[in-house]
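Welcome to this guided tour! Open your viewer, switch to a cartoon view, and let's walk through the model one selection at a time.

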Amino acid sequence: MDSSDQSSTNLVVSKDLLEKVVAGITRDGRDVMEEALQLIDLNSGVPKLYYHTMKRRFELIPPSSASSRFFGSAQDKVDMLLQRYALIHQRLMRQEHFRPKLVQASQSQNQVEQVKITPIEGLLGSKGVKILLGIITQVEEGRYYLEDPTAQIPIDLSQGEFLSDGFITEHSIVLVEGEIVDGV
């Protein structure tokens with residue numbers, strides 16, 4: 001693109017100018033939807049990504065089949081949180097500590113301690129310390145819950161010990177170790 005296409009005094013970037021820049025960067029002007037750099041018109045609908053669990057990759061839902069609103073519906077938020085939880089759970093299960101062993105090795109070998117993540121609905125009637133993966137939500141004002149796709153339980157963070165510095169906010173996905181005492 002040469003400098004004669006645009007005046008240096010014009011501070012407004014037009015849609016036509018952006019299309020020219022993106023078309024110049026891509027292999028040819030037609031494959032804008034498949035490139036890493038995309039030009040998305042918010043008025044005509046934002047394309048959505050969906051994680052296909054069987055293929056283990058993200059797929060682009062064309063704007064024509066996706067809703068044309070910029071802000072999603074309540075169901076879109078639920079789907080986003082479920083996909084985020086599933087991705088983190090899948091990545092966690094690939095780690096050596098969480099991967100179930102198919103064959104028991106002898107005790108003399110250097111073994112990594114096996115950790116089992118319990119779903120929240122599996123806590124019913126069980127005792128002892130369990131490890132859970134869940135999303136922190138606030139269902140009632142001032143009361144926090146740990147939620148996964150199976151159930152939710154109230155949690156008390158007042159006596160929690162945190163292994164790292166940082167913030168834990170609502171909708172954070174956390175790995176929690178603890179036990180149920182009086183339903184909490």
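Begin with the cartoon and follow the chain from its start: the order of elements reads α-β-β-α-β-β-β-β. That gives two helices and six strands. Keep in mind as you look around that this is a predicted model.

**The whole chain**

Select everything for a moment. Of the 184 residues in the protein, 20% are buried. Now think about which parts of the chain meet. Among contacts between residues at least 6 apart in sequence, 46% join residues at least 24 apart.

**Stop 1: strand 3 and its partners**

Select strand 3, residues 130-140. Which strands pair with strand 3? Strand 4, residues 143-147, pairs with strand 3 in the antiparallel sense over four bridges. Strand 6, residues 173-178, also pairs with strand 3 in the antiparallel sense, over six bridges.

Here are some residue pairs to show as sticks:

- Threonine 137 has tyrosine 145 of strand 4 as its bridge partner.
- Isoleucine 135 is opposite glutamate 147, which belongs to strand 4.
- Isoleucine 131 is opposite glutamate 177, which belongs to strand 6.

While the sticks are on, here is a general point to keep in mind. In a regular strand, side chains alternate between the two faces of the sheet.

**Stop 2: two hairpins in a row**

Zoom in on the turn between strand 3 and strand 4. These strands form a hairpin with two residues between them. Click on glycine 142 in this turn: its phi is positive, at about 80°.

Carry on along strand 4 to strand 5, residues 152-154. Strand 4 and strand 5 form a hairpin too, with four residues between them. The two strands run antiparallel and are joined by three bridges. To see where they face each other, select glutamate 147 and glutamine 152, which stand opposite one another.

**Stop 3: the nonpolar cores**

Now select Leu81, Tyr85, Leu92, Phe98, Val115, Ile117, Ile131, Leu133, Ile135 and Ile173, and show their side chains. These 10 residues make up the largest nonpolar core. Helix 2 and strand 3 each supply at least two residues of this core. Apart from it lies another core, this one of eight residues, including Leu132, Leu146, Ile153 and Ile155.

Pick out isoleucine 117 from the largest core. Which residues does isoleucine 117 touch, leaving aside those up to four places away in sequence? The list is Leu92, Met93, Phe98, Ile131, Leu132, Leu133 and Leu175.

**Stop 4: the largest pocket**

Switch on a surface. In general, rolling a probe the size of a water molecule over the atoms shows where empty space is left. The largest pocket here holds about 1,300 Å³ of space. To find its centre, select Gly160, Glu161, Val176, Glu177 and Gly178, the closest to it of the 38 residues in the lining.

Next, colour the lining by residue type: 24 of its residues are nonpolar, seven are polar and seven are charged. Helix 2, strand 3, strand 5 and strand 6 each supply at least two lining residues. Strand 6 gives the largest share, six residues.

**Stop 5: three residues to click on**

*Glutamine 90.* This residue lies in helix 2. Is glutamine 90 buried or exposed? Its relative accessibility is 19%, and buried means under 20%, so glutamine 90 counts as buried. Beyond residues up to four places away in sequence, glutamine 90 touches Tyr51 and Arg56.

*Glycine 128.* Move to the loop between helix 2 and strand 3, where glycine 128 is found. With a relative accessible area of 35%, glycine 128 is partly exposed. Now draw a distance from its C-alpha atom to that of glutamate 179: the two residues are 51 apart along the chain, yet these atoms are separated by 5.8 Å. Not counting residues up to four places away in sequence, glycine 128 touches Gly178 and Glu179.

*Histidine 171.* Finish in the loop between strand 5 and strand 6, where histidine 171 lies. Histidine 171 is partly exposed, at a relative accessible area of 23%. Its phi is near 75°, a positive value in a residue other than glycine. For background, most residues other than glycine have a negative phi.

How values were computed. Residues are numbered from 1 along each chain as its sequence is written. This is a predicted model: local features need pLDDT of at least 70, side-chain atom pairs count only at pLDDT 80 or more; totals for chains, interfaces and linings use all residues. Side-chain values use heavy atoms; hydrogens and water are left out. On a 1 Å grid over the protein atoms alone, a cavity is a set of points where a 1.4 Å probe fits but cannot get out, and a pocket is an open set with protein on both sides within 12 Å along at least five of seven lines; lining residues have an atom within 4 Å of a point. Grid points are joined across faces, edges and corners, and a volume is the space filled by probe spheres set on the points. Ala, Val, Leu, Ile, Met, Phe, Trp, Tyr, Cys and Pro count as nonpolar, Asp, Glu, Lys and Arg as charged, and the others, Gly among them, as polar. A nonpolar core is a set of buried Ala, Val, Leu, Ile, Met, Phe, Trp, Tyr and Cys residues joined through side-chain atoms within 4.5 Å. Buried means under 20% relative accessible area, exposed over 50%, partly exposed in between (1.4 Å probe, protein chains only). Contact means heavy atoms within 4.5 Å. Two strands pair if DSSP finds at least two bridges between them.
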